[in-house]
Amino acid sequence: ASFTVSLGKGDSTTVVIKQRPGVFSTCQIRMKYVLRTELKIKPGENVTFTFTCSTPEKYFIMEIQKNIDCVAGPCPFGDVHLHPPALPRLDRTYTWDVKASTKAGLELKFSTPWLRQIEPGGTCPDFLSYNIHSRIDEATVNIGTFCRNGSVSRVKLLGGVVLSLHLPWNSPLTTSGFSIANRTSIKRLCIIESILEGESSVTLMSPNYPLGFPEDELMTWQFVVPSNLRASVFFHNYSLSNCERKEERVEYHLPGSPSNPEVFRLSDSQPANIPGTFNMSLQGCDQDAQNPGILRLLFQVVVQHPQIDENVTHLVDLSKERDMTVTIHSEGWPNHVPLMSEPICLICKDPRTCDRALTLASGTVYRISFLCKDLSQLRITAEKGISCVDHRRCQSKSYSLSVPKAVMQLPIRLHKFIWKLLAPDLVNIEITSPSLKLQQHVQEQRCNTSYSYSIVSATPKTELNVGVFCPGGSIEKIQMRNNITISLRTFGKGFINESNHQDLKMSFVPHIKDECTFTVSPNPKAKVYLQTPNWLYGLPPYVSISWYIIVPSKQSAHLGFSKDRLGMACETGRAYVNIKEEVWGAEETVRREDELLPEPRKMQHNFWVNVSNCKPVDKTQLSLQFWVTFADKQMDLGIILAVVAGAGVLVAIGLTVCCVKKKKKKGQNPMVGVYNANVNTQMPGKKGFFPKGRQNNESHVYAVIDDAVVYGDLLKDSNGSVTPEVDVYRPFDGPMGNLPPSPPPFSFRKDMKRSLNTEGEPPALTDTEQDTYTFAHQKSGPLEDHGDANEKDKGDTSVPLLENKDQDGLVE
């Protein structure tokens, strides 16, 4: 197609067609027999041209600039037209450069649907945008970038104006959409008018945003609001410059205010619930030349109908709380900014101080109200700190981790309650849930309660995500070495009822060895899954975690792992899994990272499971899960047989003893000297010497009993004149071998006849003679009370009896 562009000499218009930046093409502009990549048409020229390709909009753009001088000549008030007509369908930018005196500002009026300001670099849905600059002498200030379909109806500027309109090649727009209305002195950088006809919101920015508001300048936004609606102002992003003189501030002219203008700092809560039209002005200051800083502001104005319950107040008494803040906010705050079509909820601590978020501090009593059609859009996030300064006092206290009633009484859903627990060095933190106990949220055993606890242990260098836990499990206690953050999150409305039963508590305890220790007391009928902290990312290097599993006395535990190996490799050190029952003599099961984990096994007593990490290789991580079930104990067949056999032996011994006693009683046989390797022989002595008794004494001594009558005939056959002698075994003084010496021989006195009575019986024993029949060689001197003579006399060298023990330690 052929295009003809004709510019009159008085148009002050220039048209430039050039290649799109960053796009290389062989498509060119043809003028008669000349090919060009760029064409510039000046005032007074008439040019006809074509393109060498069928889709020039892909490769070329067009700029149309028109200069208007309102200083040297009359200003062309009225609508501004898109000139010249019949231009090629290319992406094009119209620029109007209007020169004006600084004593008389210019007013740009936009036709409906008006304009909406966007941040620099943003795009409009229809790719059609306006850019407005103010020109004062040689300085240029970017007022802002705007799309269509907004609330900005007029812009008044001091001095000249540079306005650009960007149109895509396929835009159907045939008019510029604005007019130059008049010239009025405004004595400030600019005035932006925004008309808010119904419930809506508008977001605006200060000039040159985000680079910085001009030094010591003043500008105004005028908001036209129906008197039956209420407007509220919210600052979302701002920064301050470094002032040498004066102070940066915001001034309001509010309807019905007795003290206009009302002055606010940018850090203050801005006015809310404003009935009708109002003005807001931003005033800069004289900045430090060496370090000026940046003054910038992005804010939102929300308009809505008055709320029926805006005069209803709610009491929030935090006077008895310490180190706690309560924030009431809209759902999605602070990341989500409501669209113009969305209703907004405001929280007010007085009729004029409202915001999308309100923070209440402990130690104060508040009366708050809500400007909100639906309170279900609001949430509560609270935070409380508990710290230990003096460890001697801390370790004697227990702290309840429950949501205060002042928070629960509000008609707002609790979103999150955070406890930050701070402990000094050598003091650790213990979390308990005595009645409900905790369940760890794992893939195989998900929490389905109305709330859960997320526990994170942190140091200045590392953070350990201990896990997510909910009530109704088997974990009684969690001990951690570092500072702790516990976040309670709620799900649904059930927490209002369940909050009355919270029993989570914390206390400060002495130093523990592992990074984290769990005490688990499972339900005998449940299957419990437990997994290492930092599940998604693996245990940090050189961290050790322990679980202490309590096994009911009448049950046995079944322990198993969810995989057969740790599944990681070590760069430095070794990773281990240790399992040990808490019983004397129990063996410890240890597996390294390069070994198979133990097969499922039975545990008869309380036991420990410990996981210790090394420094992993590359991206391999240590994440381990195991499970525990319980079953009633079943007595082993071998134990039953052993018990029966033992009972039989005892019965046999009893019968034997009974028969021997009866036989002795019947035959009146004399007593004989006996050597028994298994029995600790004992003769009765004076009760005064051995009040404790000798039944537990293991001093192996030989006793010689006077039974001379038994050997009487043999002695008579020998020489007929020898009388048996009663004696005590003397300690062995000869060399010792591998075995103890043989039992001692008998000795006799020569004059046996004088020792025998007439009936041939041995003489009766007296108290004095009984002292001779002790079981150990006594030292001279007094005996200790309540003791065993052999045990007390360290000089005793009596030869012990030989004990033969089997593998079980039983004496044969």
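Reader: Hi! Which residues lie nearest the centre of the second largest pocket?
Author: Happy to help! In this predicted model, R322, K384, G385, I386 and Y399 lie nearest the centre of that pocket, and its lining counts 17 residues.

Reader: And what volume does the second largest pocket have?
Author: About 480 Å³.

Reader: Which element gives the most to the lining?
Author: That is β34, with four residues. At least two residues each come from β34 (378-387), α1 (391-394) and β35 (398-400).

Reader: How does the lining split by class?
Author: The lining has eight charged, five nonpolar and four polar residues.

Reader: Switching to aromatics: how many aromatic pairs are there?
Author: The count comes to 22. One of them joins F417 and W419, a tilted pair at 4.6 Å centre to centre with 40° between the planes. Both F417 and W419 are buried.

Reader: Why is the pair of Y548 and W608 called tilted?
Author: Because the planes of Y548 and W608 stand at 35°, with the ring centres 4.7 Å apart, and tilted covers angles that are neither under 30 degrees nor over 60. This pair links distant parts of the chain, 60 residues apart: Y548 is in strand β46 (residues 544-549) and W608 in strand β52 (residues 607-612).

Reader: Is Y548 buried or exposed?
Author: Y548 is buried, at 14% relative accessible area, whereas W608 is partly exposed at 35%.

Reader: Nice. Which residues do ring pairs link into a cluster?
Author: Y94, W96, F110, Y130 and F178.

Reader: Last one: what sits over the ring of W627?
Author: The charged end of K527, 4.7 Å from the ring centre.

Definitions and conventions
Residues numbered from 1 in each chain as written. Predicted model: local features only at pLDDT ≥ 70, side-chain atom pairs only at ≥ 80, totals over all residues. Heavy atoms only, no water. 1 Å grid on protein atoms, 1.4 Å probe; cavity = no way out; pocket = protein on both sides within 12 Å on 5 of 7 lines; lining within 4 Å. Points joined across faces, edges and corners; volume = space filled by probe spheres on them. Nonpolar A, V, L, I, M, F, W, Y, C, P; charged D, E, K, R; others polar. Phe/Tyr/Trp six-rings, centres within 6.5 Å; stacked < 30°, edge-to-face > 60°. Buried < 20%, exposed > 50% of the residue type's maximum accessible area, 1.4 Å probe, protein only. Lys NZ or Arg CZ within 6 Å of the ring centre and 35° of its normal.
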